[in-house]
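Subject: Structure for you to look at

Hi,

Here is the structure I promised to pass on. Have a look at it first, and then read on for my notes.

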Amino acid sequence: MKEKRIRRSFQREQIYQLLAQGGHWSAEKIYELLKKEIPTLSLATVYRNLHALQEEGRAREIALDGWDRKLWEAARTPHLHFVCRVCHRVEDLDVNLSALEGLLVHVPGKVEHIRGFVYGICNDCLKQHPSATGSNPTEEVRDADA
Ligand SMILES: [Zn+2]
Ligand SMILES: [Zn+2]
């Protein structure tokens with residue numbers, strides 16, 4: 001019994017170490033990478049440990065609008081995320097959110113953390129698909145005239 005508990009927390013630490021490297025991870029990706037080192041690992045265990053890490057305040061779940069995909073990251077200072085709508089990459093934006101706190105004077109409670117998303121097209125996708133910017137109606141009109 002005792003041995004089992006130790007193994008479970010070992011798995012949690014392995015998952016945390018992966019998140020602590022930075023970036024944003026799906027549970028499936030974490031499972032795929034750690035499965036090689038921990039053959040007894042299951043996807044359900046990964047989920048359980050991610051939720052446990054979140055309760056411990058060491059990890060955060062990132063749920064993106066309109067996607068069933070959820071990502072996880074190690075808890076750090078509040079930051080915004082840039083989300084590419086073409087390749088779905090998620091990058092941290094180092095924006096100082098403390099200025100926002102001054103604007104949140106009428107919150108009917110205590111703010112614990114602020115999470116925000118900025119949606120757009122990343123530089124790589126802009127290079128590969130220049131037409132991806134065509135969703136801007138004025139661009140389309142200009143192209144038609146040319
Ligand atoms: Zn992209
Ligand atoms: Zn992040």
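To start with, how many residues lie between strand 1 and strand 2 in their hairpin? There are six residues between these two strands, and in the turn Gly66 has a positive phi of about 75°. Strand 1 covers residues 59–63, and it pairs with strand 2 in the antiparallel sense over five bridges. If you want a spot to begin from, find Ala59: its bridge partner in strand 2 is Ala74.

Before going further, please keep in mind that this is a predicted model. The pLDDT averages 82 over the chain, and 84% of the residues score at least 70. The part to treat with care is residues 136–146, where the pLDDT is below 50. Beyond near neighbours in sequence, that stretch has three contacts in the model.

Now the overall layout. The chain has 146 residues, of which 11% count as buried. Its secondary structure comes to six helices and five strands. Reading from the N terminus, the order of elements is α-α-α-β-β-β-β-α-β-α-α. As for contacts with a separation of 6 or more, 45% of them are between residues 24 or more positions apart.

Next, the core. The largest nonpolar core has 11 residues: Ile15, Leu19, Trp25, Ala27, Ile30, Val46, Leu50, Leu53, Ala59, Leu71 and Trp72. At least two of these residues come from each of helix 1 (2–20), helix 2 (27–35), helix 3 (43–55) and strand 2 (70–74). Helix 3 gives the most, with three residues. You will notice that Ala59, the residue bridged to Ala74, is also listed in this core. In general, nonpolar side chains in soluble globular proteins tend to be buried together.

Trp25 is a good core residue to click on. Leaving out residues up to four places away in sequence, Trp25 touches Leu18, Leu19, Ile30, Leu71 and Trp72. Among these, Leu19, Ile30, Leu71 and Trp72 are in the core list too.

Then there is the open sheet of three strands, with the order 4-3-5 and mixed pairing. Why do strand 4 and strand 5 each have one side without a neighbour in the sheet? Strand 4 (90–93) and strand 5 (116–120) stand at the edges with a single partner strand each, so one side of each stays free of a neighbour there. On average, neighbouring strands of this sheet are turned by 30° against each other, direction ignored.

Here is how the pairings of that sheet look:

- Strand 3 (residues 80–84) and strand 5 run parallel and are joined by five bridges. Cys84 has Gly120 as its bridge partner in strand 5, while His81 stands opposite Phe117.
- Strand 3 and strand 4 run antiparallel and are joined by four bridges. Here Val83 stands opposite Val90 in strand 4.

Strand 3 and strand 4 also form a hairpin, with five residues between the strands. His88 sits in the loop that links them. What is notable about the backbone of His88 is a positive phi of about 65°, although His88 is not a glycine. Is His88 buried or exposed? His88 falls in between: with 13 other C-beta atoms within 10 Å, this residue is partly exposed.

One last residue for you to find is Arg115, in the loop between helix 4 (98–103) and strand 5. Arg115 also counts as partly exposed, because 13 C-beta neighbours lie inside 10 Å. Along the chain, Arg115 and His81 are 34 residues apart, and their C-alpha atoms are separated by 8.1 Å. His81 is the residue opposite Phe117 in strand 5, so you can pick up both in one view.

Cheers

Conventions. Residues numbered from 1 in each chain as written. Chains lettered and ligands numbered in written order. Predicted model: local features only at pLDDT ≥ 70, side-chain atom pairs only at ≥ 80, totals over all residues. Core = buried A, V, L, I, M, F, W, Y, C linked by C-beta atoms within 7 Å. Buried ≥ 20, exposed ≤ 12 C-beta atoms within 10 Å, placed from the backbone. Contact = placed C-beta atoms within 7 Å. Pairing = 2+ DSSP bridges. Axes fitted to C-alpha atoms, helices over the stretch in contact; angles between N-to-C directions. pLDDT = per-residue confidence, 0-100.
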